[in-house]
Amino acid sequence: MKTKKGRQILIYLFLILVGFFMVYPLIWLFMGTFKTNTELFGSLSLLPESFSFASFAAGWKGSDQFTYLTFYTNTFALVLPTVLFTVLSTGIVAYGFARFSFPFKKFLFILMISTLMLPDAVLIIPRYIIFNNLGWIDSYKPFVVPALFACYPFFIFLQVQFIRSIPRELDESAYVDGCNPFLTYVRILLPLMKPAVFSVIIFQFLWRWNDYFSNLIYISSVRKYTLSLALKMSIDSQGAITQWSQVLAMSFVSMLPPILLFFFAQKYFVEGISTSGLKG
């Protein structure tokens, strides 16, 4: 009994050590917001010489024209509609593939999955040409409109696998009670798909929130910049001497929403990832 208890203690100590190494970059980032450039590059100490939130206040001012409140608002204006439309559209498409039979179903499913093999570098030029011809450049439409039409095959595939793990008897019971296919999806399947839906929300939120390259391609006006573009602009606008404490402070602030989202939704996220591959 003592041997088993000692083994559990060793396992917990090992997990704590691994967890510390995983969290250490965040701790260093937060402590770096209180350091001067001399401390950052000339000292190995984790703790700063003094604690002052002046770097947060100075960094929040952003550029001469726009504060980080503008960039935060822009990021939410881009991310939230994209996430919402992704959840609505990919769920309905996944429901169609998982529960209905229609002509060329297998071919269309394979065609959809094959698009996962295409790297973004191959797609960026034709996408830019299309969006430019539509007049969508320097707006958030290149992100929101594709989400409205379920242009994310990974999320469709994830939800298809999850729906396939739900017994069809539930659908049949709903039909007997008078539900049509849409009501069956909304009232029966969607509540059971909560883990998969949360997985889609977290993935899409993180990808869109942290995206830099696509934002740089499609957004050109500073007043429409997202946080990722604003952070790069903060480095460039300070000339030869960059106040890294301000950059680190704004980096830490920009990380808070994804961290909080994952923290509060991790239960459903882990369950969705572990369950979505049960049935092929």
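A pocket, as the word is used here, is an open set of grid points with protein on both sides within 12 Å along at least five of seven lines. In this predicted model, the largest pocket comes out at a volume of about 870 Å³. Its lining runs to 27 residues, and those closest to the centre are D120, L123, R127, C151 and Y152.

Helices do a good share of the lining work. At least two residues apiece come from α6 (120–133), α7 (141–148), α8 (153–164), α11 (194–210) and α12 (213–218). The top contributor is α6, which puts six residues into the lining of the largest pocket. As for chemistry, the lining of this pocket breaks down into 21 nonpolar, two polar and four charged residues.

One of the helices that line the pocket, α8, deserves a look of its own. Its twelve residues span 16 Å from the first C-alpha to the last, close to the 16 Å expected at 1.5 Å a residue. Most of α8 is tucked away, with nine of the twelve residues buried. The buried set consists of P153, F155, I156, L158, Q159, V160, Q161, F162 and I163. In general, residues three or four places apart on an α-helix point the same way, because there are 3.6 residues to a turn.

Turning to cysteines, the whole structure contains zero disulfides. C151, one of the residues closest to the centre of the largest pocket, counts as partly exposed because its relative accessibility is 41%. C179, on the other hand, has a relative accessibility of 15%, so C179 counts as buried.

What about charge pairs? Side chains of opposite charge can pair when their charged atoms come close. Two salt bridges turn up in the structure. One of them joins R99 to D171, with 2.8 Å between the closest N and O atoms. This pair ties together distant parts of the chain: R99 belongs to helix α4 (residues 68–99) and D171 to helix α9 (residues 169–176), and the two residues sit 72 residues apart. Both R99 and D171 are buried.

In the other salt bridge, the side chains of R208 and D211 meet at 3.0 Å, N to O. Are these partners buried or exposed? D211 has a relative accessible area of 12%, so D211 is buried. R208 also has a relative accessible area of 12% and is therefore buried. The cut-off behind these calls is 20%, under which a residue counts as buried.

Key: Residues are numbered from 1 along each chain as its sequence is written. This is a predicted model: local features need pLDDT of at least 70, side-chain atom pairs count only at pLDDT 80 or more; totals for chains, interfaces and linings use all residues. Side-chain values use heavy atoms; hydrogens and water are left out. A disulfide is a pair of cysteine sulfur atoms within 2.5 Å. Buried means under 20% relative accessible area, exposed over 50%, partly exposed in between (1.4 Å probe, protein chains only). On a 1 Å grid over the protein atoms alone, a cavity is a set of points where a 1.4 Å probe fits but cannot get out, and a pocket is an open set with protein on both sides within 12 Å along at least five of seven lines; lining residues have an atom within 4 Å of a point. Grid points are joined across faces, edges and corners, and a volume is the space filled by probe spheres set on the points. Helices (H or I, at least four residues) and strands (E, at least two) are DSSP runs, numbered from the N terminus. Ala, Val, Leu, Ile, Met, Phe, Trp, Tyr, Cys and Pro count as nonpolar, Asp, Glu, Lys and Arg as charged, and the others, Gly among them, as polar. The expected span of a helix is 1.5 Å times one less than its number of residues. A salt bridge is a side-chain nitrogen of Lys or Arg within 4 Å of a carboxyl oxygen of Asp or Glu.
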